[in-house]
Amino acid sequence: MNTLEEVGEFTQIFDALMSLMRKFLFRVLCVGPIPTNISFIMDGNRRFAKKHNLKGLDAGHRAGFISVKYILQYCKEIGVPYVTLYAFGMDNFKRGPEEVKCVMDLMLEKVELAIHQAVSGNIKGVRIIFAGDLNSLNERFRAAAQKLMEITEENRDLIVVVCVAYSTNLEIVHAVRESCVKKCKNGDGAVVLEVSDVEGCMYTSAVPDPDLVIRTGGGDRLSNFMTWQTSRTLLHRTEALWPELGLWHLVWAILKFQRMQDCLQKKKKLD
Amino acid sequence: MLSLRVRPPTSFDFRRFNAGYLERRWRLSRDCFLSFSPKFEENRGIKFGVRSSKSDVAFTAAEEEETLPEELQAELMPKHVAIIMDGNGRWAKNRGLQPWDGHRAGVEALKEIVELSGKWGIQVLTVFAFSTDNWIRPRIEIDFLFSLFERSLKSEFQNLAKNNVRISIIGDSSKLPKSLLRVINEVEEVTKNNTRLQLIVAVGYSGKYDVLQACRGIAQRVKDGEIGVEEIDERLIEEELETNCTEFPYPDLLIRTSGELRVSNFLLWQLAYTELFFAQELWPDFGRSGFIEALTSFQQRQRRFGGRKS
């Protein structure tokens, strides 16, 4: 019994020490500009499972979820206002039906867990928004996602956009349909669609455009993720798989963003 | 009165002697004697310059061997390559030259890449020449860019037509000077049946503008009752985009030079599954070696398009 308490104490002391070191590190980091919206393309879960011989179709994705929790905690501590996560794209439905079902069940389980935590007050200040074609998902998930969005609506410390059943091309189609419906009601004149009309009807209209996109898994492509919103965004890729993404990867990406910020500002004026 | 004479560099700049620069100077001087064509057998008779027939044969053999470097595999070549030609201004500044000298060097680099693309089996090459966001650059630079573009088109289009290259221009042409528009229309008309390589030059273009103009067309058709709102889908938008002028509208590979890690509003819709390659060199230095590096990197990548490669 004593050993367990000691271990418990040791873990607490260790956590407190780590937390203090992180605070110090983030204070230094915050001297420079911090991205307003960081987007993560979470690639590499299955490769991680294969690498570590984990059993089960969703083993890699479970490991990925642990990574999500840590990253969100770090972003909250740094003070990043918005985080976007690419959880499941429309093209991922092309995968094997067992794997798709596994991933969907895992996401449902985590959403329901998040609802419990939100109700009991464990998720303080985090607002969760689901972006994507939720109508193509099953009823239970849709209901759970809706409930989680409602419960966390008032929180403002960190706004997390989870992209599920998302692809930019479909988002644009959806935005065009919505703005057509709005504009075609107004009189008989020619329909003039503006960028603001289309952007206002997008799934991600509630959040600003990403300043930094981090893609794990070594791939160098956008995979139909926010190609509209990331036209001026810094694209950072890392060879680390998503469950391997840690504090230092995040810090390195932000430092890179800070280094490029001068050029980015100049380019924004010139471009 | 504006002087466009090149100022000689005041200090020894060893960056001039990088491989890309030397190779390009050599090619430029070689092209003075030879016509801009891979088919040397046909043109052998009309070559002029001090060359013996033996060195002609040796030279032709070397040109033919250049067809595909050993690092690249013919079956894995991308069908459509898009390039953001960034870094002309910085290249000129590094050498103490004016920005327009950088753009001129950029045109030479582009000629080389077009030639290589035609030889190596790439079907479509899209280049980002001028963005809608570039309109805020100084007027003098914009005027120079358009006059350079016009001159390049006039001087090169015979060669490109002979090499079976089709030229298409995409972008918002409403603000372009009329003389340039005339040349563009003529060039597009003359080369429209060519099949070896399609060179798409994006002038006054941006990805958002392209999608928006497609959506406006669709919205007007909905208003006119031609189609219903529920019939709007991805295929309809694809048909309205300006890249519908080609059989392969989706680039397989996007190359951006000068080390910038952004897409800068180029080809938004079409870039969904495009492999991105960011080259450190500035565009005028990019050349053959940079192109081979980009293509080698592309050929080593595993493309899944959202699915799984088990």
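A salt bridge, as I will use the term, is a side-chain nitrogen of Lys or Arg within 4 Å of a carboxyl oxygen of Asp or Glu. With that rule applied to this structure, which is a predicted model, four salt bridges are found across the interface of chain B and chain A. One that I can point to on the screen joins the side chains of B:Lys208 and A:Glu199, with 3.4 Å from N to O.

Let me stay with the side of chain B that touches chain A, where α8 (207-223), α9 (234-240) and β6 (275-278) of chain B each supply at least two residues. Which of the elements gives the most to that side? It is α8(B), with nine residues. Sorted by character, the residues on this side of chain B divide into 20 nonpolar, nine polar and 17 charged.

Turning to the interface as a whole, the contact takes 46 residues from chain B and 51 residues from chain A, and the two chains bury about 4,400 Å² between them, with 55% of that area on carbon and sulfur atoms. Besides the salt bridges, the rule for polar contacts finds 12 residue pairs across the interface, both residues of each pair being at pLDDT 80 or more.

On the other chain, I would like you to look at helix α6 of chain A, residues 168-184, which has 17 residues and reaches 23 Å from its first C-alpha to its last, close to the 24 Å expected at 1.5 Å a residue. Its buried residues include A:Ile172, A:Val173 and A:Val176, and also A:Asn169 and A:Glu171. What do the buried residues of α6(A) pack against? Within chain A they pack against β4 (158-166) and α7 (195-200), and together with these against α8 and α9 of chain B.

Now a few words on chain B by itself, whose secondary structure comes to 10 helices and six strands. Of the 310 residues in chain B, 55% are buried. If we take the contacts in chain B with a separation of 6 or more, residues 24 or more positions apart account for 76% of them.

I will finish with a single residue, B:Ser297, which has its place in helix α10 (residues 283-299) of chain B. Is B:Ser297 buried or exposed? Its relative accessible area is 18%, and because buried means under 20%, B:Ser297 counts as buried. The C-alpha atoms of B:Ser297 and B:Glu275 are separated by 9.5 Å, although the two residues lie 22 residues apart along the chain.

Terms used: Residues are numbered from 1 along each chain as its sequence is written. Chains are lettered from A and ligands numbered from 1 in the order in which they are written. This is a predicted model: local features need pLDDT of at least 70, side-chain atom pairs count only at pLDDT 80 or more; totals for chains, interfaces and linings use all residues. Side-chain values use heavy atoms; hydrogens and water are left out. Helices (H or I, at least four residues) and strands (E, at least two) are DSSP runs, numbered from the N terminus. Buried means under 20% relative accessible area, exposed over 50%, partly exposed in between (1.4 Å probe, protein chains only). Contact means heavy atoms within 4.5 Å. Buried area is the accessible area (1.4 Å probe) that two parts lose on being put together, summed over both. A polar contact is a pair of N or O atoms within 3.5 Å; within protein, one must be able to donate a hydrogen and the other to accept it, and residues adjacent in sequence count only if both atoms are side-chain atoms. Ala, Val, Leu, Ile, Met, Phe, Trp, Tyr, Cys and Pro count as nonpolar, Asp, Glu, Lys and Arg as charged, and the others, Gly among them, as polar. The expected span of a helix is 1.5 Å times one less than its number of residues.
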